[in-house]
Amino acid sequence: MPTAMYPGTFDPVHYGHIDIATRASHMFDRLIIAIYDSPANKRVLFPIQERVALMREAVQHLPNVEVMSYNGLTVHFARQMGARVIVRGLRTLADFEFEFQVAMTNQRLAPEIDMVTLITRSEYAYLSASILKEVAGLGGDVTEMTPQHVQEALRRRFRELGGAPGRQVPKARLRDQRRPGSE
Ligand code: ADP
């Protein structure tokens with residue numbers, strides 16, 4: 001089976017990502033997890049070196065998986081690394097619409113590279129890095145979302161940021177409702 005690449009922001013890695021990486025590692029001889037360095041449309045909580053280190057620890061039990069960072073077009077990096085398949089995870093219809101558009105674009109840019117999408121497991125269907133960061137940033141229990149070393153990294157990072165989720169974490173979804181009359 002060819003080499004595959006699983007690209008993403010992974011800010012930070014969680015069990016939904018690890019599940020996709022594990023399943024893909026059984027399908028391909030070699031899987032490269034490619035972590036995008038500086039996404040233009042996303043504010044990241046963790047710098048690239050830390051996202052790479054957290055991912056390496058999370059997948060260290062998978063012998064045919066490597067973790068690398070990259071910039072530029074995913075298909076260019078896939079070509080450079082000899083990957084003929086790009087793996088992505090799918091949770092919702094919204095994921096599908098986005099991935100479909102990206103896949104169509106990638107097909108034009110690199111017709112020799114195919115995309116394989118793996119459907120999330122039901123227990124991770126709700127899980128995203130944004131939800132994880134928001135719950136962790138507001139002091140909630142994230143033990144079912146991500147491994148212990150990532151939980152610790154989240155606590156450390158939020159301490160560094162002064163305890164508040166800050167601009168890197170979208171707010172207002174899981175916050176307590178404001179009490180009537182309070183401002
Ligand atoms: P990106 O910015 O590329 O979307 P993410 O780190 O958010 O990067 O996600 C990387 C990949 O993992 C994407 O294909 C995404 O759909 C998939 N993914 C994220 N969360 C889950 C989950 N809970 N279950 C399955 N796949 C997921």
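How many of the 183 residues of the chain, as a percentage, count as buried?

1. **The chain as a whole.** The answer is 46% of the 183 residues, where buried means under 20% relative accessible area, exposed means over 50%, and partly exposed lies in between, with a 1.4 Å probe and protein chains only. This is a predicted model, in which local features need pLDDT of at least 70 and side-chain atom pairs count only at pLDDT 80 or more, while totals for chains, interfaces and linings use all residues. Residues are numbered from 1 along each chain as its sequence is written, and side-chain values use heavy atoms, with hydrogens and water left out.

2. **Order of the elements.** The chain has 6 helices and 5 strands, these being DSSP runs numbered from the N terminus, with helices (H or I) of at least four residues and strands (E) of at least two. Read from the N terminus, the elements follow the order β-α-β-α-β-α-β-α-β-α-α. Among the contacts in the chain with a separation of 6 or more, 77% are between residues 24 or more positions apart, a contact being heavy atoms within 4.5 Å.

3. **The largest nonpolar core.** A nonpolar core is a set of buried Ala, Val, Leu, Ile, Met, Phe, Trp, Tyr and Cys residues joined through side-chain atoms within 4.5 Å. The largest one in this model holds 38 residues, and Leu31, Ile33 and Val87 are the members that touch the most others. Two or more residues come from each of β1 (3–8), α1 (15–27), β2 (30–36), α2 (48–58), β3 (65–70), β4 (85–90), α5 (129–137) and α6 (148–160), and the largest share, 5 residues, is given by α2.

4. **Leu31 and a separate core.** If neighbours within four places in sequence are set aside, the contacts of Leu31 include Ala4, Met5, Tyr6, Ala21, Ala24, Val65 and Val87. Apart from the largest core lies another, of 11 residues, which includes Tyr70, Val75, Phe77 and Ala78.

5. **The buried side of α2.** Which residues of α2 are buried? They are Ile48, Arg51, Val52, Leu54, Met55 and Ala58. Because these residues cover an arc of only 165 degrees around the axis, they are on the same side of α2; the arc is that of the directions from the helix axis to the C-beta atoms. Among the elements covering the buried residues of α2 are α1, β2, β3 and α6.

6. **Asn64 in its loop.** Asn64 is found in the loop between α2 and β3. Not counting residues up to four places away in sequence, Asn64 touches Ser25, Phe28, Asp29, Arg30 and Leu31. A polar atom of the Asn64 side chain lies 3.0 Å from the backbone oxygen of Phe28; a polar contact is a pair of N or O atoms within 3.5 Å, where within protein one must be able to donate a hydrogen and the other to accept it, and residues adjacent in sequence count only if both atoms are side-chain atoms.

7. **Salt bridges.** Counting as a salt bridge a side-chain nitrogen of Lys or Arg within 4 Å of a carboxyl oxygen of Asp or Glu, the model has 9 of them. One of these joins Arg88 and Glu99 at 2.8 Å, N to O, and this pair links distant parts of the chain, with Arg88 in strand β4 and Glu99 in helix α4 (residues 93–109), 11 residues apart. Arg88 counts as partly exposed because its relative accessibility is 22%, whereas Glu99, at 5%, counts as buried.

8. **A salt bridge within α6.** Glu160 and Arg157 also form a salt bridge, with their closest N and O atoms 2.9 Å apart. These two residues are 3 residues apart in helix α6, so about one helical turn separates them. Glu160 is exposed, with a relative accessible area of 55%, while Arg157 is buried, at 16%. Elsewhere, Asp19, Arg23 and Arg121 are joined into one network by salt bridges that share partners.

9. **Around the ligand.** The ligand is surrounded by 17 residues, of which Tyr6, Thr9, Lys42, Gly89 and Tyr124 are the closest; a residue is near a molecule or strand if one of its heavy atoms lies within 4 Å of it. An N or O atom in the side chain of Tyr6 is 2.7 Å from an oxygen atom of the ligand. Polar backbone atoms also approach ligand oxygen atoms, at 2.8 Å for Phe10 and at 2.6 Å for Gly89.
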